[in-house]
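User: Please take a close look at the shell around the ligand. How do its residues divide by class? Please then continue to the sheet, the packed helices and the backbone details.

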Amino acid sequence: MAELSSILKQATGVIAARGEGVHLYDEDGRRYLDFTAGIGVTSTGHCHPRVVEAAQRQVATLIHAQYTTVMHRPLLDLVDRLSEVLPAGLDRMFFANSGSEGVEAALRLARQSTARPNVVVFHGGFHGRTVAAASMTTSGTKFRAGFSPIMGGVVIAPFPNPTHYGWSEEEATDFALRELDYLLQTVTTPAETAAFFVEPVLGEGGYVPANTRFLAGLRERADRHGILLVLDEVQTGWGRTGKFWGGDHFDARADILITAKGLASGFPLSAIAARADLMEKAWPGSQGGTYGANAVACAAAIATLDVILSEGLVQNSADRGAELRAALREVASQHKNITDVRGLGLMLGNEFRDANGDPDGATAAAAQQEAAKRGLLLLTCGAWGEVVRFIPALVVDSEQVKEAGAIWAEAVTAVTA
Ligand code: PMP
């Protein structure tokens, strides 16, 4: 009898039978408020009618037309449409299937176009699970352990993480920039440094926003040394943070941007967008893949963009995010073991610490389980699993936010009373 491997660790134990909007239904018909959205993927809600319609139409027309063999209309149309939302100057695109593949594509482009071997990543960052992406991931040893030797050429610099260091944002940013300069002087000389890879908000690492001064500092050093700034917007893109791109909060100007997750409402699709002069230096034919830019996924992505723009979902993310943050702050004010509520838009985390001030993954996990019992699905993140995160679909309304806040209050009370 075949069984699923225990390699897969499951957060909730729910067997999902059906999804609609912000709700999932299990096989017994029980309804859950899904504040996980497939790890920030189904931003238009489960099975949005316009996404379903576009995908169904495409399935009946052309499912797979391999893009290194023939081109297809949904991909060409998607590239056209993306120019409405891509940051200025990032007008050459490449497509793959997952965030990790997008990261690898950006890495390959950075190394080829600069002819430099090393990359700098920021401590606590998550970039994926393939070997190269895992080598660049520093949000938890579970993503790296037992996997050595991993890829070389990765230098880890501090991320300005105030609660981790116990400093103000100013202090954490000073430290991060000073250490970066030290690393460029002592470990990876600029002439051997291809790129900085950074998330606008640390995702799996604990929902810690970067800040304007830090990203300006990276930009300034990138310009000074001919290093590329790569924004990993896999989790932060497509309105998740209340602006279209997470980097928009910080006026960040990237040379390469990586997107996936919210891009196609659940169909596997990722993309990188880069400066034309960089893509021109890449080696022709060095990137590709059998399934990249699948026609159904591209059709779903176009419909996703239509829904996000026409339904005002970026603004909804900002507005409902503010309501959700207020509700979470209210809960935190009554429970001293929730020591921080942070994030942007509908990408919010609650940090748990114990009486000694140490990260408390056990209580966070218990609260998450109590919430699931009460019909609210949540995930944890952070190095110790100490952050419970809220990432509902961007179609969430005020009533659903209120309901989630009420369940969360009960769940936290149940574990910390
Ligand atoms: N980068 C970031 C910032 C992510 O959050 C993730 C996924 N959580 C990835 C890359 C990897 O994406 P995937 O799981 O689709 O490979």
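Analyst: The shell around the ligand divides into 5 nonpolar, 7 polar and 3 charged residues. Here Ala, Val, Leu, Ile, Met, Phe, Trp, Tyr, Cys and Pro count as nonpolar, Asp, Glu, Lys and Arg as charged, and the others, Gly among them, as polar. The model is predicted: local features need pLDDT of at least 70 and side-chain atom pairs count only at pLDDT 80 or more, while totals for chains, interfaces and linings use all residues. Residues are numbered from 1 along each chain as its sequence is written.

In total, 15 residues surround the ligand, a residue being near the ligand if its C-beta atom, placed from the backbone, lies within 6 Å of it. The closest are Ser98, Gly99, Ser100, Val234 and Gln235. Helix H4, residues 99-114, gives the most to this shell, with 3 residues. Helices (H or I, at least four residues) and strands (E, at least two) are DSSP runs, numbered from the N terminus.

The sheet comes next. Four strands form an open sheet in the order E13-E14-E17-E16, with antiparallel pairing; two strands pair if DSSP finds at least two bridges between them. Strand E13 (338-344) and strand E16 (379-381) are the edge strands, each pairing on one side only. From one strand to the next, the twist averages 30°. Between E13 and strand E14 (residues 347-352), which run antiparallel, there are 6 bridges. Ile338 has Phe352 in E14 as its bridge partner, and Asp340 stands opposite Glu351 in E14. The hairpin of E13 and E14 has 2 residues between the strands, and in this hairpin Gly345 takes a positive phi near 55°.

Two packed helices are described by the angle between their axes and the distance between the axes. Axes are lines fitted to C-alpha atoms, for helices over the stretch in contact, and angles run from 0 to 180 degrees between N-to-C directions. The axes of helix H11 (residues 313-333) and helix H13 (residues 398-416) come within 9 Å and cross at roughly 20°. H11 and H13 are therefore roughly parallel to each other; angles under 35 degrees count as roughly parallel, over 145 as roughly antiparallel, 65 to 115 as roughly perpendicular and the rest as oblique. Their contact involves residues including Leu324, Ala327 and Leu328 of H11 and Gly405, Trp408 and Ala409 of H13, where contact requires C-beta atoms, placed from the backbone, within 7 Å. By class, the contact of H11 with H13 holds 8 nonpolar, 2 polar and 2 charged residues.

H13 also packs with helix H12 (residues 361-373), at an angle of about 130° and with the axes 8 Å apart. H12 and H13 are therefore oblique to each other. Among the residues in this contact are Ala366, Ala367 and Glu370 of H12 and Trp408, Ala411 and Val415 of H13. The contact of H12 with H13 divides into 9 nonpolar, 2 polar and 1 charged.

Two backbone details remain. Most residues other than glycine have a negative phi, and most peptide bonds are trans. Ser148 and Pro149 are joined by a cis peptide bond, with omega about 0°; Pro149 is in the loop between helix H5 (131-135) and strand E6 (154-157). Lys261, a residue other than glycine, has a positive phi near 35° and is placed in the loop between strand E11 (256-259) and strand E12 (270-274).

Conventions
Contact = placed C-beta atoms within 7 Å.
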